[in-house]
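Reader: Please take a close look at the internal cavities of this structure. Add whatever helps me place them.

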Protein chains: 2
Amino acid sequence: MEHAQEQEASLEQTQMYCVQRPIYNQELLQGQLHRRQRTPQTLGQKIAHSCRCSSKRAKAHLYNFLPILKWLPRYPVKEYLLGDIISGISTGIMQLPQGLAYALLAAVPPVFGLYSSFYPVILYTFFGTSKHISIGTFAVVSMMVGGVAVREVPDEIFSLDSNSTNITDVLEYYSARDTKRVQVAVALAFLSGLIQLCLGFLRFGFVAIYLTEPLVHGFTTAAAVHVSVSQFKYLLGIKTSRYSGPLSVVYSIAAVLSKITTTNIAAMIVGLTCIVLLLIGKEINFRFKEKLPVPIPMEIIVVIIGTGVSAGMKLNEAYKVDVVGNIPQGLRAPAIPDIQLIPAIFGDAVAIAVVGFSMTVSMAKTFALKHDYTIDGNQELIALGICNSVGSFFQTFSVTCSMSRSLVQESTGGKTQIAGTLSAIMVLLVILAIGYLFEPLPQTVLAAIIMVNLKTMFRQFGDIMYFWKTSRIELAIWVVAFVASLFLGLDYGLLTAVAFAILTVIYRTQRPEYKILGQVPNTDIYCDVEEYEEVKEYPGIKIFQANTSLYFANTESYTTALKKKTGVHPGALLAARRKAQKRHAREIKAANEQRKKAVLKLTSSSTNDVEARVKHEIASDDLPVNGKFEDSNVQDTDVHDEHEHFVEPKTNIHSLILDFTPVNFVDSVGAKTLKAIIKEYKGVGVYVCVSSCSGPVMDELTRLNFFDESVTRELVFHSIHDAVLACQMKHGSAAKADSNL
Amino acid sequence: MEHAQEQEASLEQTQMYCVQRPIYNQELLQGQLHRRQRTPQTLGQKIAHSCRCSSKRAKAHLYNFLPILKWLPRYPVKEYLLGDIISGISTGIMQLPQGLAYALLAAVPPVFGLYSSFYPVILYTFFGTSKHISIGTFAVVSMMVGGVAVREVPDEIFSLDSNSTNITDVLEYYSARDTKRVQVAVALAFLSGLIQLCLGFLRFGFVAIYLTEPLVHGFTTAAAVHVSVSQFKYLLGIKTSRYSGPLSVVYSIAAVLSKITTTNIAAMIVGLTCIVLLLIGKEINFRFKEKLPVPIPMEIIVVIIGTGVSAGMKLNEAYKVDVVGNIPQGLRAPAIPDIQLIPAIFGDAVAIAVVGFSMTVSMAKTFALKHDYTIDGNQELIALGICNSVGSFFQTFSVTCSMSRSLVQESTGGKTQIAGTLSAIMVLLVILAIGYLFEPLPQTVLAAIIMVNLKTMFRQFGDIMYFWKTSRIELAIWVVAFVASLFLGLDYGLLTAVAFAILTVIYRTQRPEYKILGQVPNTDIYCDVEEYEEVKEYPGIKIFQANTSLYFANTESYTTALKKKTGVHPGALLAARRKAQKRHAREIKAANEQRKKAVLKLTSSSTNDVEARVKHEIASDDLPVNGKFEDSNVQDTDVHDEHEHFVEPKTNIHSLILDFTPVNFVDSVGAKTLKAIIKEYKGVGVYVCVSSCSGPVMDELTRLNFFDESVTRELVFHSIHDAVLACQMKHGSAAKADSNL
C-alpha cells in the first residue's frame with residue numbers, strides 16, 4: 001500500500017499530459033488541414049539531374065572509384081608506416097600457409113592459392129575503402145569453389161585407365177585433372193567478380209541485407225562442417241575421391257570410414273601434432289594478448305617445422321605421406337578465363353559473389369565502426385569484383401576477406417591498405433624465390449591449419465541456445481540455414497536459407513497476434529484486455545487489433561479472428577434471426593388460421609376494419625424483407641400484437657472499432673475485405689469504424705476506391721479514444737432516440 | 001473565411017476529446033499495471049484436448065466429412081426439386097460439349113472428357129459443401145494437363161516410322177500415343193487429388209490465399225492465351241505437333257503460321273460459323289437475361305448442328321475435316337493409375353492441385369456470400385481431392401469448378417448439389433447410349449466452343465488499366481503473372497508469380513516512407529511536416545517515422561534515412577568535432593610556444609602559479625578525451641581563456657524521437673541497430689527515445705536483451721506526445737542546469 005502511495009506521489013511530481021480538442025475523424029481532420037502544394041520532380045528532371053556533369057562531380061566519382069587517390073597523398077608516414085609494416089609482415093606470414101591450405105580446399109594445386117593471395121590483395125589496395133580487412137583466400141569460399149570444380153571435373157571421368165599402374169600415366173592423369181579444375185576455378189572467379197562488379201555499379205549492394213546474422217552463422221557453421229569433413233582424408237592420409245553436391249557430406253564421411261583401415265599413421269601423427277601445436281599457439285596468443293607485441297605466427301612455424309621434418313625424414317618416400325608437391329617458380333602470363341564454362345557455373349558464381357561480398361562488407365563495417373570511418377558498400381562490391389575478375393586473368397580463384405587474417409592485421413597495428421599491400425609483396429617474394437622450398441610440406445599439415453582455423457566457426461553452435469532464448473524465428477533461420485547448407489550443399493543451402501528468411505517475414509505478417517483492447521481507466525491508453533488486470537472494456541464496444549498490415553495473405557484469418565475474438569458472427573446471427581422470423585411467421589399463420597375459423601364461426605361484421613389493418617400491416621413493413629421471408633405469408637390482422645412479443649436474436653455489441661495502428665499498407669484484397677466487414681456487421685446493426693489509420697494507408701484506401709456513399713471518411717477516426725468517444729455519443733443518441741419513440 | 005467559421009462552429013458542437021494524465025513511459029506504465037496470471041495450456045493438455053472423443057464430436061466430424069448427411073434428409077422437395085431439375089438439365093447440356101472440347105485441350109480422346117464430367121460430379125454431391133458450383137472439366141486445368149501429357153509423351157518419340165504411310169500404322173501410332181497420354185493425365189489427376197486430400201486433412205486450405213486476385217487474373221489471362229493459341233490449329237484444320245514447356249506459345253504460333261497455307265477452308269468456315277453463332281447466343285442470353293426462363297443452350301445446339309452437317313455432308317471424307325472420331329460406348333472398368341509416372345509429374349500435380357482448388361474455393365465463396373450460407377475451405381479441398389483421386393481410377397483427368405457452368409447452374413435456379421448430380425446423370429446417358437452419335441462432330445466446332453468460352457478471361461486485360469489507377473504493385477503482380485505464365489508455361493509461371501507476390505510484401509516493408517512528423521497545433525496529433533501546411537515542428541526535437549517493422553532487410557536503409565531526414569550525422573559531427581579539436585590544439589600549441597619564448601625573455605617570476613593552473617587545466621578535463629586528442633599536448637597556461645573561444649561543432653537538435661507506431665515486430669538485427677542508433681546519437685549529445693512501442697514489440701525487445709543499464713524502459717514512451725513533453729522537460733531542466741552553472 002505504501003509502495004503504491006509512493007508511486008502516486010512520484011506521479012504527481014511529473015508534469016501532466018493534458019489534451020483538449022475536438023473528436024477527430026478523417027473527414028474533419030482533413031477539412032482543417034491543408035495539403036502542401038508539392039510539384040513532384042518529373043522523370044525528365046530526374047534524369048537530367050542524375051546526368052548532370054561537372055568537374056566537381058567527376059572528381060568525386062573518381063575519388064569514389066579509386067579511394068587510394070584520396071588517402072595515399074595524405075598518408076602520415078611518421079604516424080602510420082611502422083604499424084603498417086609490422087601488420088603487413090604478420091598478415092603476409094598468415095597469407096602464405098592459408099593460401100597453400102585453402103588451395104587444397106578449392107581442389108587446385110597449392111601455387112594457385114599463392115597467386116590468389118597476391119594479385120587480389122594488390123588490387124584491393126587501389127579500390128577498397130576499408131583500411132583493416134585482409135583480402136585473400138577464405139575457407140568457406142574456397143570450399144564452394146572446390147565443390148564446383150569437383151562437380152564439373154569429377155575424379156571419375158578421368159579414371160578410364162584406372163587399371164594402368166604406370167606412374168607417368170597417373171601423374172599425367174592428375175595434372176590433366178588439375179588443369180581442368182583450375183580452369184573451372186578461374187572461370188568461377190571471373191564470373192563471380194563480374195557479378196560483383198555489375199551489382200556494385202547498379203548500386204545493388206543491398207542484396208547482402210538478406211543475409212541476416214542467424215542465416216550467416218548457420219551457413220558458415222555448415223560450411224565449417226563441410227570443410228572439416230573434406231579435410232579428414234588429408235589429415236589421416238586416406239585416399240578417397242572428393243564429393244560435391246547434395247549429401248556430399250554423408251558420402252565423404254562414408255568414404256573415409258570405409259577406408260579407415262588404410263589410415264597413414266605417419267600422416268596422422270604429423271597432423272595431430274600440428275593441431276596440438278596450433279591450438280597451443282592460439283591459446284597463448286589469446287591469453288597473453290596484452291603482453292605480446294605481435295601474435296606468435298604459429299601457422300608459419302608449423303609449416304616450416306612440417307616442411308623441415310618432412311624433408312629430413314623423407315616422409316613422402318619412406319612413409320608415403322602425401323606432400324604439397326610441385327610449386328612452380330615465378331608468375332604466369334595472364335590468360336583469358338574459359339568463357340565456355342560460364343553457363344554451367346552461373347548459379348554457383350552468384351552464390352560465391354554474394355557470400356564473398358557479405359563477408360567482406362560485414363567485416364569492413366565492424367572495423368569502420370570501431371575506428372570511426374565510413375566504408376561504401378557499393379564501392380566494396382566494385383573493389384571485390386575487380387579483385388576477382390581482374391585477378392582471374394592471372395589464374396586466381398575467388399577471394400574475399402578472411403576473418404582470422406583481418407583480425408591479425410588490425411590488432412598488429414595496421415592503419416591503412418598499405419599493410420595489405422606489404423603482405424601481398426611477402427607472398428610475391430615466396431612465389432618468386434623460395435616457393436619450391438615448401439614442396440616437401442605434408443598435406444596433413446595444411447589440413448591441420450584449416451581445421452584449427454574453423455574453431456571460431458564451430459563455436460557458433462552456441463547460437464542455438466542463444467536464439468532459443470531470444471527468438472524462435474531466428475533460431476529457425478539458423479537451423480534451416482545450417483541443415484540446408486549441410487545436406488543440400490552450400491549453394492542450394494544458401495538459396496534455401498534466404499528464401500526461408502524471407503518467408504519468416506511473411507509468416508510474421510500472416511500469423512499476427514489478434515487482440516481485444518480495453519482502456520486503462522482515466523487515460524486514453526488502450527491495451528490488451530487479456531494481459532492486464534486494470535484494463536476495462538466499455539460496454540457495447542469491442543476494439544479489435546491485429547498487429548499486421550492487411551493484405552491478400554492474411555485477410556481471411558483477420559476476418560475469422562475478428563468474429564472469434566469479438567464473439568459477433570453476423571452470418572450466424574442472421575441465420576438465427578431468419579429462423580426466429582420463420583418460426584414466428586409460422587406461429588402467426590397458425591394463430592391466423594385458428595382465428596379465421598373463429599371469425600367464420602362468428603360471421604364477421606367488421607370486414608372493412610380488418611382489411612384496413614391488413615393494409616396498414618403491409619405498409620408498415622416492420623419486418624426485414626429477405627428472400628425466404630417474403631415467401632411466408634404475413635397477412636393476418638393481429639400481427640402487430642404478436643410482433644411485439646417477438647424478440648429478434650441480436651448481439652449486445654453496438655460498435656466495433658478496428659484499430660489500424662499496426663497497418664502499414666493495404667492492398668485491394670484488404671480493402672475489399674474491410675468493406676465487406678463493415679457491410680456485414682451493418683446488416684446486423686453493429687456500427688464498424690476504423691481508428692488510427694496512417695496517412696499512407698488512407699491514401700491507399702482512397703486509390704482503391706474504398707470510400708463511397710456508404711463507407712465514408714467519417715468512419716475513420718484519428719485514434720482509438722476518438723473512436724470510442726464517437727461510438728458512445730452515437731449510441732447514446734441512438735438510445736435516446738429509441739427511448740423517445 | 002466564412003467557411004472556416006462555419007467549420008469552427010460545427011466543431012464546437014461536437015463533444016470534446018479531453019485527457020489529463022501523467023506522462024507515461026513504459027517503466028511507469030508497467031509499474032501501474034499488473035499482468036494477468038495466465039497459465040498457458042501445456043502441450044499435453046492441447047493434445048488431450050484435440051484427441052478427446054465423444055459421440056457428439058464423432059457425429060460432427062462425420063457431418064463435416066459427408067455434408068450430404070446433413071442437407072439431404074432436410075431437402076425440401078416441394079420448394080427445391082423443380083429448380084434443381086431445370087438447372088441440372090441446363091448444366092448437363094453444357095457439360096457435354098465442354099467435356100468433349102476440354103478433352104481436346106487435355107490432349108486425350110474426347111470420351112475421357114465425358115468420363116471427367118461424370119464421376120467427379122457424382123462424388124462432389126456427397127462431399128462438397130457448396131450448393132451452386134459445377135464441378136467438371138475446366139479450360140485452364142485441362143490446358144495444364146495437356147501440357148504435361150504432351151511433354152511426357154511428345155509427338156516426336158513416336159514418329160520413328162514417320163515414313164510409313166500405311167493407314168493402319170498411322171492409326172496404331174495415334175492410339176498408342178493417346179493411350180500413353182491418358183495414362184499421364186490419369187496419373188496426374190490421381191496425384192493432384194491426393195495432394196488436395198492431404199492439404200485438406202492437414203487443414204492447409206490457406207495455401208490458396210497466396211493466389212491473390214491480380215495474380216489469378218494475370219494467370220488465367222495467360223492461360224486463355226495459351227488455350228486459344230493451342231486451338232488455332234484445330235480451328236483452321238492445320239496439322240502441327242503440340243508444344244509444351246517454356247516458350248511453347250511462341251513455338252505453337254510459329255508452327256501454325258509456317259503451315260498457314262495448308263489451312264482447311266471447310267474446317268475454317270465451320271469453325272468461324274460456330275464462333276459467330278455462339279457469340280450471338282451469348283449476346284442474346286446476356287441481353288434477355290430477365291425474360292428467358294433458362295439461357296439458350298447454344299453450345300449443345302452448335303454441337304448438334306455441327307454433327308448433323310458433318311454427317312450429312314461427309315465433311316471428314318470429302319473435305320478432310322478432322323472429326324472427333326471413335327467414342328466407345330459404355331463405361332470402363334476401374335484401373336489403378338500408373339504410379340511410376342509420379343516422380344516426373346509431381347511439380348505439375350502440385351500446380352494443378354493448387355489452381356484447381358483456388359478456382360473452386362473462390363467460386364464457392366462467391367455463391368456462399370450471395371446466398372448466405374457458409375462453405376468450409378478445407379472440406380472443399382477434401383471433396384475436390386476425392387473427386388480427382390477416386391475419379392482417376394475411372395480414367396478421368398483433373399477437374400475443378402468451371403465458372404461458366406457454375407453461373408448457369410446458379411442462374412437457372414439450382415438450389416443444391418442435386419442439380420450437379422442430375423447434370424452428371426445426363427452425361428452418363430450420353431456415354432451409355434448416344435455417345436457414338438457425336439463421332440462425326442468436327443474438331444473445329446469444339447475449338448470454337450473453347451475459344452468463345454475464353455471471352456470473359458480475355459476481358460481481364462482491362463485489369464491493366466484498373467490496377468494502373470489503384471495500385472502499381474498489384475499491376476506488377478498481374479503483369480508478372482501474365483508474362484511468366486505466358487512464356488514459362490503455366491506451372492513455372494504460377495510459381496514465379498507466387499514468389500513475386502510474396503516478394504512484393506517484402507518490398508513494401510523494405511521501401512517504406514520515411515517521414516519527419518510535426519504537431520497539429522493544440523492537439524496531440526502528429527503528421528508528416530512535408531504534407532500539411534499547419535503542421536509545426538518543436539524546436540530542437542525531431543520525430544522520425546518509417547512505416548514498417550524493423551528487421552534485417554531494412555535496418556540499413558532505416559539508419560541511412562534517419563540521418564538524411566533529420567540532418568544529424570553523428571559520424572560527420574564527431575569527425576568535424578575531432579578536426580576542430582585538433583586545430584584548436586594546434587593553435588594552443590603554437591600560442592604556447594610563442595608565449596614560452598616571451599616568458600623566457602621576461603625571465604618568469606610566478607612559475608608556481610603557472611604550474612598550478614596547468615594542473616587545474618588537466619584536472620578539469622573539460623575536453624572530450626579520445627584516442628587522437630590525447631596525443632596533442634595541452635600544457636599551456638592560458639588554455640582556459642583560449643578554450644572559451646573554442647566552439648565545438650554541434651547540432652541544434654537536442655532530442656530525437658523514433659516513432660515505433662508502425663513497427664509490428666523487430667528481430668535481433670533490428671534491436672542491435674536501434675541500440676547502435678541510441679548510443680551513436682548519445683555520443684554527440686542527442687537524446688534518442690522511442691514512442692508508441694506496441695506490447696508485442698516491447699516483449700520482443702526484452703527477449704532480445706535490448707534493455708540494459710544504458711538503454712532503459714524509460715526511453716520508451718507511450719505516445720509521441722508523451723515523448724515530446726518528456727523531451728521538452730528534460731531539455732528545459734538541462735538548459736536551466738546549464739544557465740545555473
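Author: What follows covers the cavities, then the two copies, the cysteines and some backbone angles.

This is a predicted model: local features need pLDDT of at least 70, side-chain atom pairs count only at pLDDT 80 or more, and totals for chains, interfaces and linings use all residues. Residues are numbered from 1 along each chain as its sequence is written, chains are lettered from A and ligands numbered from 1 in the order in which they are written, and side-chain values use heavy atoms, with hydrogens and water left out.

Start with the method. Rolling a probe the size of a water molecule over the atoms shows where empty space is left. Here a cavity is a set of points, on a 1 Å grid over the protein atoms alone, where a 1.4 Å probe fits but cannot get out; lining residues have an atom within 4 Å of a point. Points are joined across faces, edges and corners, and a volume is the space filled by probe spheres set on the points. The count is 11 cavities of 30 Å³ or more.

The largest cavity has a volume of about 130 Å³. Its lining has 13 residues. Nearest its centre lie A:Val229, A:Ser230, A:Arg242, A:Tyr243 and A:Ser252. Helix H11 (213-236) and helix H12 (248-258) of chain A are the elements that give two or more residues to this lining. Helices are DSSP runs (H or I, at least four residues), numbered from the N terminus. By class, the lining has five nonpolar, six polar and two charged residues. Nonpolar means Ala, Val, Leu, Ile, Met, Phe, Trp, Tyr, Cys and Pro; charged means Asp, Glu, Lys and Arg; the others, Gly among them, are polar.

The second largest cavity holds about 110 Å³ of space. It is lined by 14 residues, and the closest to its centre are A:Thr509, A:Ser549, A:Asn664, B:Ser549 and B:Asn664. Helix H24 (490-510) of chain A and helix H24 (490-510) of chain B each supply at least two lining residues. The classes here are two nonpolar, 10 polar and two charged.

Helix H24 of chain A also holds A:Thr504. A:Thr504 is buried, at 8% relative accessible area. Buried means under 20%, exposed over 50%, partly exposed in between (1.4 Å probe, protein chains only). A:Thr504 touches A:Ile473 and A:Ile477, leaving aside residues up to four places away in sequence. Contact means heavy atoms within 4.5 Å.

Now the two copies. A turn of 180 degrees and a shift of 0.0 Å along the axis lay chain B on chain A with an RMSD of 0.1 Å. The copies are therefore related as by a two-fold rotation axis. Superposition is by least squares on the C-alpha atoms of residues with pLDDT of at least 70 in both. Of the contact residues of chain B, 100% recur in chain A.

Next, the cysteines. There are zero disulfides over all chains. A disulfide is a pair of cysteine sulfur atoms within 2.5 Å. The sulfur of A:Cys18 has its closest cysteine sulfur in B:Cys18, 10 Å away, too far for a bond. A:Cys18 is partly exposed, at 45%. For B:Cys689, the nearest cysteine sulfur is that of B:Cys727, 3.8 Å away. B:Cys689 is buried, at 0%.

Last, the backbone. Most residues other than glycine have a negative phi. A:Lys314 has a positive phi, near 50 degrees. A:Lys314 sits in the loop between helix H14 (298-313) and helix H15 (315-319) of chain A. B:Ala107 also has a positive phi, near 65 degrees. B:Ala107 lies in the loop between helix H6 (77-105) and helix H7 (110-116) of chain B. B:Ala107 is buried, at 10% relative accessible area.

Methods. 1 Å grid on protein atoms, 1.4 Å probe; cavity = no way out; pocket = protein on both sides within 12 Å on 5 of 7 lines; lining within 4 Å.
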